[in-house]
Amino acid sequence: MKQYSTINWYEKDTNEVFDFMYNELEEEEQYPFFLFLMQHFPNLEIDWLETFEDFTVALIQNDKTDTILSFIEWYKLKYPEDYREKYEFIERDLCDYFFYKKEVEKLQERVAFIQQNPVSAIDTLTARLHYQLIYHGYYEQAVCYAEAVWTPINDSEELIGFAAYPFINTIYVNQLQKYYEAVLNGIYFDEDKLFHQMVTMGFEDDKINFNEALGALKEELSLTDIKNSIQNGNDKHMIILNVHFLKYMLHTYQLPFVFSEWIWNFIATTKIFGKHKGVENWFYIDAKTLDKHIADNLDSFLGSNELEIFGKVWGLDFVFDFLHQQQLLSSEHFESMLENISYFRNEMLRVASGNLWQMMFVFNWPSTNDYLVDPSAQQLFNETYGIDETEAIEKVSRHLFVYSIPDRIKKELKLKNSNKSNPFPIWSENTPYKKQEPETGRNSLCPCGSGKKFKKCCMNT
């Protein structure tokens, strides 16, 4: 043990403190030294929060979240306003842990804090937490969270675009479900009030589409109308099918609108539907088109929406099961789509290798088809908790090595034949969402060459 207790660290500058911590101490000695400084030299002019973040992953892997919470309270007392602006990484790690461990009360405390100042963490936590609540089945809390954060996000001058959209949309579809349930029970629901509310929140003042949605809630699905809409080249059928999908999911799987909307929202776009001639082929998506769609939507550089897209890809079977059940997708195309979905689920395992334990929510979702069920996958997800990313990647690669890709998908993606001697096969030549280089850790030096840590540089651009 280094004799750092005899040194007056107030006489040292910041560089000397960090040089001693990271270069002279063994890794297992660094955190005890940090605690020593907190206790005996609390007024050192160092970035306490950023330094502590170097230790949070290890603390969480060792189930020492109480230690993290104690640090947060200590830091908030010293720098209350500073923590409100810089909480994103510690709070994200805590949320991931409490979701995984199902520690609901502690999770609620973190959510309550985050929604007090959602703008600061919009790119790394605020939106991600929204999807986590939905994917994990905390539907009522997801709606309350959306209601709490949408206004400060919408009013913020720091943000560009419609950053509040995901939260407003969740509020909207939750209101649609209330309207639908009122219709089923013969209860009056003020349609004009709902329309005015959504326009006020930022949706387009489009009463025609709004009425189409309400009409679809009250009516049975007409295949003739859908096919006529496709043949006429308008998008009316997309709105109608959206609503009927929400109803289908509610009645078939008891999944609320706020869950199903995001699964449908991801895939239901004319950018990928309608690529094949004929009404009977309109809803089939070939592997190449789907590959590009996923790539275009996944933030491959920062990984900020990895969890969101993982859930949306995993839930694709709900959409195509619905289309098949409604006789809008032939049995042949449905089987091909199941193959496509299985392939892209495996690809998402590769993308999220080190974080699969954060995706355990998928095993609580209903299953639509035994073809897609892998009994060993849940164990694989669990085994990625508490190990480093390199080991997790190796586990996932070994798990996927035994799977063979259908020749049709290989042909559509122009894949090379797999090399059985290669333990880390990369199948696709057209998957830009895969990390082509080792992922840069948030506490690593930024690859741009600035000399700053990644989280303080390009991660926030």
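**Charges, salt bridges and a covered helix**

E24 comes out as partly exposed in this predicted model, with a relative accessible area of 41%. The residue belongs to helix α1, which covers residues 14-24. Together with D13, E16 and D19, E24 makes up a negative patch on the surface.

Elsewhere, opposite charges pair up: the count of salt bridges comes to 18. One of them joins the side chains of K101 and D63, with 3.8 Å from N to O. This pair links distant parts of the chain, since K101 sits in helix α6 and D63 in the loop between α3 and α4, 38 residues apart. Both partners are partly exposed, K101 at 33% relative accessibility and D63 at 41%.

A second bridge brings R128 and D96 together at 2.6 Å, N to O. R128 is part of helix α8 (residues 122-135) and D96 of helix α6, so this pair ties together parts that lie 32 residues apart in sequence. Here the partners are tucked away: R128 counts as buried at 12% relative accessibility, and D96 is buried too, at 4%.

R350 and E347 offer a local case, their closest N and O atoms being 3.1 Å apart in a salt bridge. Both residues are in helix α19 (residues 331-351), three residues apart, or about one turn of the helix. R350 is buried at 15% relative accessibility, and E347 is buried with a relative accessible area of 1%. Salt bridges also link D66, E103 and K106 into a network.

Now for the backbone. D63 has a positive phi, near 60°, despite not being a glycine; its loop runs between α3 (48-61) and α4 (65-78). K102, also not a glycine, has a positive phi of about 60°. K102 is placed in the loop between α6 (88-101) and α7 (104-114). With a relative accessible area of 58%, K102 is exposed.

Another lysine, K218, is found in helix α12, residues 207-218. K218 is partly exposed, with a relative accessible area of 48%. Setting aside neighbours within four places in sequence, K218 is in contact with Y179, V183 and E191. The C-alpha atoms of K218 and L184 are separated by 8.4 Å, although the two residues are 34 residues apart along the chain.

Helix α15 (residues 257-267) is mostly covered, with 10 of its 11 residues buried. Among the buried residues of α15 are the aromatic side chains of F257, F259, W262, W264 and F266, as well as E261.

Technical notes
Residues are numbered from 1 along each chain as its sequence is written. This is a predicted model: local features need pLDDT of at least 70, side-chain atom pairs count only at pLDDT 80 or more; totals for chains, interfaces and linings use all residues. Side-chain values use heavy atoms; hydrogens and water are left out. Patches are made of residues with over 30% relative accessible area and no salt bridge: like charges are joined within 9 Å, nonpolar side chains (Val, Leu, Ile, Met, Phe, Trp, Tyr) within 5 Å. Accessible areas come from the Shrake-Rupley method with a 1.4 Å probe; for residues, only the protein chains shown count as cover. A salt bridge is a side-chain nitrogen of Lys or Arg within 4 Å of a carboxyl oxygen of Asp or Glu. Lys and Arg count as positive and Asp and Glu as negative; His and the chain ends are not counted. The place of a charge is taken as NZ of Lys, CZ of Arg, CG of Asp or CD of Glu. Helices (H or I, at least four residues) and strands (E, at least two) are DSSP runs, numbered from the N terminus. Buried means under 20% relative accessible area, exposed over 50%, partly exposed in between (1.4 Å probe, protein chains only). Contact means heavy atoms within 4.5 Å.
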